[in-house]
Each structure stands twice: as structure tokens, then as C-alpha cells.
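Me: I have a model open and would like to learn how to read its aromatic contacts and its core. Where do we start?

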Amino acid sequence: MEASQLALDAFVKIARHGISGVAVLDEVGQIIGNISADDFKDIGYDASMFTKIYRTCAQFIELREYGRAVPKLVCVSPDTSLKQTLEILTTRKVMIPIVC
């Protein structure tokens, strides 16, 4: 998803494709974060988040992360082995691998 697209569009994509989340990219194609199905569940717990789905993906991530630790992301290729991915996660102390 592009950072300038609505967060709502990210949730629609997640629901339509039955996926757990989408990467959010800045204008040069760098990953700036992600939006996941769990984020939508959180809206049910915090109704103040509901109106935030009408913001851009970048704004949604920023508002969601306010006061929370931001998960570290890393990009791996589809041919990266599970062993290599696990090594990356542990050596770089990264929480979320994204296949790019």
C-alpha cells in the first residue's frame, strides 16, 4: 500500500485477499510500517481509532504508534530460507519480516 492511500483501503485489501496485513511504502518504495488485521481488531477496543481509518496509511500508523513501541521491520526476498530469515530476526532484533 502507498503511504498516501486511505487506511480503510488497506483494511479492505486485507479482508478481500484473506491476508494478515499489508506493508506500507513511502514515495520511494521504502517500507515505513505495516497495517494488519489486528489493527482493525484494536479499533473494537478503542472506538477513538474508528475515525482514523479515514486517514492515510502513514497517518494511521503514526496515530496508532503514538505512545507504543514501533515494531522493527525487515525486507526478505521470497527465496530467503526460513533459517536465513530466523537469523536475520535474531541478529538484527527485528520483529516482523516482510517478503518484498
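Reply: Start with the aromatic rings, keeping in mind that this is a predicted model. The structure contains two aromatic pairs.

Me: How is the geometry of the pair Phe11 and Phe40 classed?

Reply: Two values are read for a pair, the distance between ring centres and the angle between planes. Planes under 30 degrees apart count as stacked, over 60 as edge-to-face, and the rest as tilted. For Phe11 and Phe40 the centres are 5.1 Å apart and the planes stand at 55°, so this pair is tilted.

Me: Which parts of the chain does that pair tie together?

Reply: Look up the element that holds each ring. Phe11 belongs to helix α1 and Phe40 to helix α2 (residues 37-45), so the pair joins parts 29 residues apart in sequence.

Me: Is Phe11 buried or exposed?

Reply: The cut-off for buried is under 20% relative accessible area. Phe11 has 8% relative accessibility, so it counts as buried. Phe40, with a relative accessible area of 43%, is partly exposed.

Me: What is the geometry of the pair Phe11 and Phe60?

Reply: Apply the angle cut-offs again. The ring centres of Phe11 and Phe60 lie 5.6 Å apart with the planes at 85°, so the pair is edge-to-face. It links distant parts of the chain, since Phe11 is in helix α1 and Phe60 in helix α3, 49 residues apart. Phe11 and Phe60 are both buried. Together, Phe11, Phe40 and Phe60 make one aromatic cluster.

Me: How many residues does the largest nonpolar core have?

Reply: A nonpolar core is a set of buried residues of certain types, joined through side-chain atoms within 4.5 Å. Here the largest one has 14 residues, and those with the most contacts inside it include Ala10, Phe11 and Phe60. At least two core residues come from each of α1 (7-17), β1 (21-25) and α3 (57-65). Helix α1 gives the most, with four residues.

Me: Which residues does Ala10 touch?

Reply: Leaving aside residues up to four places away in sequence, Ala10 touches Met1, Val22, Ile35 and Cys57.

Me: What is the order of elements along the chain?

Reply: Read from the N terminus: the order is α-β-β-α-α-β-α-β. That makes four helices and four strands.

Me: And what share of the chain is buried?

Reply: Buried residues are 30% of the 100 in the chain. The accessible surface of the chain is about 6700 Å², with 57% of it belonging to carbon and sulfur atoms.

Terms used
Residues numbered from 1 in each chain as written. Predicted model: local features only at pLDDT ≥ 70, side-chain atom pairs only at ≥ 80, totals over all residues. Heavy atoms only, no water. Buried < 20%, exposed > 50% of the residue type's maximum accessible area, 1.4 Å probe, protein only. Contact = heavy atoms within 4.5 Å. Areas by Shrake-Rupley, 256 points an atom, 1.4 Å probe, with all protein chains shown as cover. Phe/Tyr/Trp six-rings, centres within 6.5 Å; stacked < 30°, edge-to-face > 60°.
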